[in-house]
Each structure stands twice: as structure tokens, then as C-alpha cells.
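The following exercises concern one protein chain and are to be worked with the sequence and the coordinates at hand. Each task is followed by a solution in steps.

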Amino acid sequence: MSTIKNAKKYCEAVEAKDARNKILVPTIPIRENHTALKSLKETGLDLIFEPSFMDDYQYLVREDMIEKIARISRKLGAQNKILIIRSAWRSFEHQQLLWETKFISFQRMQRMYPEKPSKEIEEMVSHFIAPPRESMHTTGGAIDALTYDAVQDCVMDFGTNTGLEIKLSKQCYPYHPGIGPEAKKNRALLIGLFEEEDFVCDLKEYWHFDYGNVMWAIGKEREYAMYGTIT
């Protein structure tokens, strides 16, 4: 019972902080540093790229981020693990397509959670798919990542995933107390490596990391962001 109470308290705190951050977003000035986008596929780094539904997706990030990701990759490599890149820069069109698939996600989650009312499922889906003009992926300063265990030959356990497939729920909140010890350890590894490189982990998605954009500025209590939207 204490775990359930702790989980409820934790989720309420996350959601309150997330609501405050969303209010702050339009108040943060952006001093665009005009760093170019560069494809992670052209870096020669030991990375795994999750297949995208977008044709010829290049997994673009701001060039400032390349060496940071390289260091993360090397540290994982020393542990016989590989960084999985799920998503990086997204155009408005890309994000719009994701937004439009909310209905498909809603139907999928209705099957996964037949006991939950439709309104609750709709709120859950909305937690994890941002409208095009709100997504940090359009800045080139956001990256979605997981890790692969080369010894076990599998995507590591993060508590809500089966391989690359992530089951969306509040247990996706990075420090949810309801996940198992192995998942907690794997999340701590991934989050720790990105935080060492000055990224900020999303409040609701353990796989999403921001650098240089408005959410990063809020998380780091910076006066301004370095990356605005790239169309």
C-alpha cells in the first residue's frame, strides 16, 4: 500500500511541476546560436537507430550535441552497451503526423487498458504526444534514447518497454517508484549519462532528453535558451 501511496504522491508532484513548466515556456527568451543540424548517422559513432515511420529519417541534432552523444556512446561501449537513438529533430510535418496518430494510440491503449475510462486514456495519450508547436523536437535540441545490452543481445529493461515498444503510462515518469529494481538501475544509467553531459531528462518520459532549448533552460534555471524552432 505504501508503494501505491508513494507513486500517487510522486505522480502528482511531477504533474504539478510539468504544469508550471508549461506556463513558463512562453516567458523564456531564446538567443538562437544558429548551430547547424547534423545527422547522427554520418558521425561514425557506435549507435543503433530505431526505425522511423518517416522515409529517409536522418536523426538530426544540433552540432553542439555531437561530442556529448559521442562521450555517452563511448561510456556505454566500455560496459558492452550501445546507445539507441529513437528520435531527434522533427519537422513540423513529422510532429503533425505523430499528433494525428493520437487517435490510433488512443485505440491501442483502449485495448491495453480495457478497465480505464476513455477520458483517462485520452489524458494519458496527451501526456506523451506533444502538439507540433509545443514539441522540443522541432528545435534540434531534443533526443529520445534507450540502451542496448550487447552481451544479452537485447534492449534493456526500463520497466515499461518490451524491446523498442514502450507501453505508455505514468510509470514512464523517470523515477516512478512502482517499477522494478532492474528497470530503476537501467534508467539511472541512461539518465545519469545524459545529465553528466548537461542534458535535462523530461519530467514524464525517461527516454527524452533536452539540451539548449526552452525546456532545458527551465530545468537548468538559465536566463535564456540557445535553440529555437528549426522549420
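**Exercise 1. A lysine and its surroundings**

In which element is the place of Lys68? Determine also which residues Lys68 contacts beyond its neighbours within four places in sequence.

Solution. The model is a predicted one. Step 1: Lys68 is found in helix 2, which covers residues 66-77. Step 2: once the neighbours within four places in sequence are set aside, the contacts of Lys68 are Glu197, Asp198, Phe199 and Tyr211. Step 3: Lys68 is buried but has no salt bridge. The nearest side chain of opposite charge is that of Glu197, at 4.2 Å. Because a salt bridge requires nitrogen and carboxyl oxygen within 4 Å, the distance of 4.2 Å between Lys68 and Glu197 does not qualify.

**Exercise 2. The helix that holds this lysine**

Describe the span of helix 2, and state which of its residues are buried and what covers them.

Solution. Step 1: helix 2 comprises 12 residues, and from its first C-alpha to its last it reaches 16 Å. That span is close to the 16 Å expected at 1.5 Å a residue. Step 2: the buried residues in helix 2 are Ile66, Lys68, Ile69, Ala70, Ile72, Ser73 and Leu76. Step 3: their cover includes strand 1 (37-39), strand 2 (47-49) and strand 3 (60-62). It also includes strand 4 (81-87), strand 5 (142-149) and helix 6 (181-196).

**Exercise 3. Salt bridges of helix 2**

How many salt bridges does a search of the whole structure find? Examine those that involve Arg71 and Lys75, giving distances and exposure.

Solution. Step 1: the search of the whole structure yields 14 salt bridges.

Step 2: Arg71 is bridged to Glu67, with 3.9 Å between the closest N and O atoms. The two residues are 4 apart in helix 2, so about one helical turn separates them. In an α-helix there are 3.6 residues a turn, so residues three or four places apart point the same way. Arg71 is partly exposed at 31% relative accessibility, and Glu67 is partly exposed at 39%.

Step 3: Arg71 also forms a salt bridge with Glu197, where the closest N and O atoms are 2.7 Å apart. This pair links distant parts of the chain, 126 residues apart: Glu197 lies in the loop between helix 6 and strand 9, and Arg71 in helix 2. Glu197 is buried, its relative accessible area being 6%.

Step 4: Lys75 and Glu196 meet in a salt bridge of 2.9 Å, N to O. Since Lys75 belongs to helix 2 and Glu196 to helix 6, the pair ties together parts 121 residues apart in sequence. Lys75 is partly exposed at 34% relative accessibility, whereas Glu196 is exposed at 55%.

Step 5: through shared partners, salt bridges join Glu67, Arg71, Arg74 and Glu197 into one network.

**Exercise 4. Aromatic rings**

How many aromatic pairs does a search of the whole structure find? Classify the pairs formed by Tyr206 with Phe158 and with Trp207.

Solution. Step 1: the search returns 10 aromatic pairs. Step 2: the rings of Phe158 and Tyr206 are stacked, at 5.5 Å centre to centre and 10° between the planes. They join distant parts of the chain, 48 residues apart. Phe158 is in the loop between strand 6 (154-155) and strand 7 (161-162), and Tyr206 in the loop between strand 9 (200-201) and strand 10 (208-210). Phe158 and Tyr206 are both buried, each at 0% relative accessibility.

Step 3: Tyr206 and Trp207 have ring centres 4.9 Å apart and planes at 90°, so this pair is edge-to-face. Trp207 is buried, with a relative accessible area of 4%. Step 4: ring pairs also link Phe194, Phe199, Phe209, Tyr211, Trp216 and Tyr227 into a cluster. Two members of this cluster, Phe199 and Tyr211, are among the contacts of Lys68. Step 5: Arg31 lies over the face of Tyr224, 4.0 Å from the ring centre.

**Exercise 5. The chain as a whole**

How many helices and strands does the chain have, and what share of its residues is buried?

Solution. Step 1: the chain contains 7 helices and 10 strands. Step 2: of its 231 residues, 48% count as buried. Step 3: among contacts with a separation of 6 or more, 70% involve residues 24 or more positions apart.

Definitions and conventions: Residues are numbered from 1 along each chain as its sequence is written. This is a predicted model: local features need pLDDT of at least 70, side-chain atom pairs count only at pLDDT 80 or more; totals for chains, interfaces and linings use all residues. Side-chain values use heavy atoms; hydrogens and water are left out. Rings of Phe, Tyr and Trp (its six-membered ring) pair if their centres lie within 6.5 Å; planes under 30 degrees apart count as stacked, over 60 as edge-to-face and the rest as tilted. Buried means under 20% relative accessible area, exposed over 50%, partly exposed in between (1.4 Å probe, protein chains only). A charge sits over a ring if NZ of Lys or CZ of Arg is within 6 Å of the ring centre and within 35 degrees of the ring normal. The expected span of a helix is 1.5 Å times one less than its number of residues. Contact means heavy atoms within 4.5 Å. Lys and Arg count as positive and Asp and Glu as negative; His and the chain ends are not counted.
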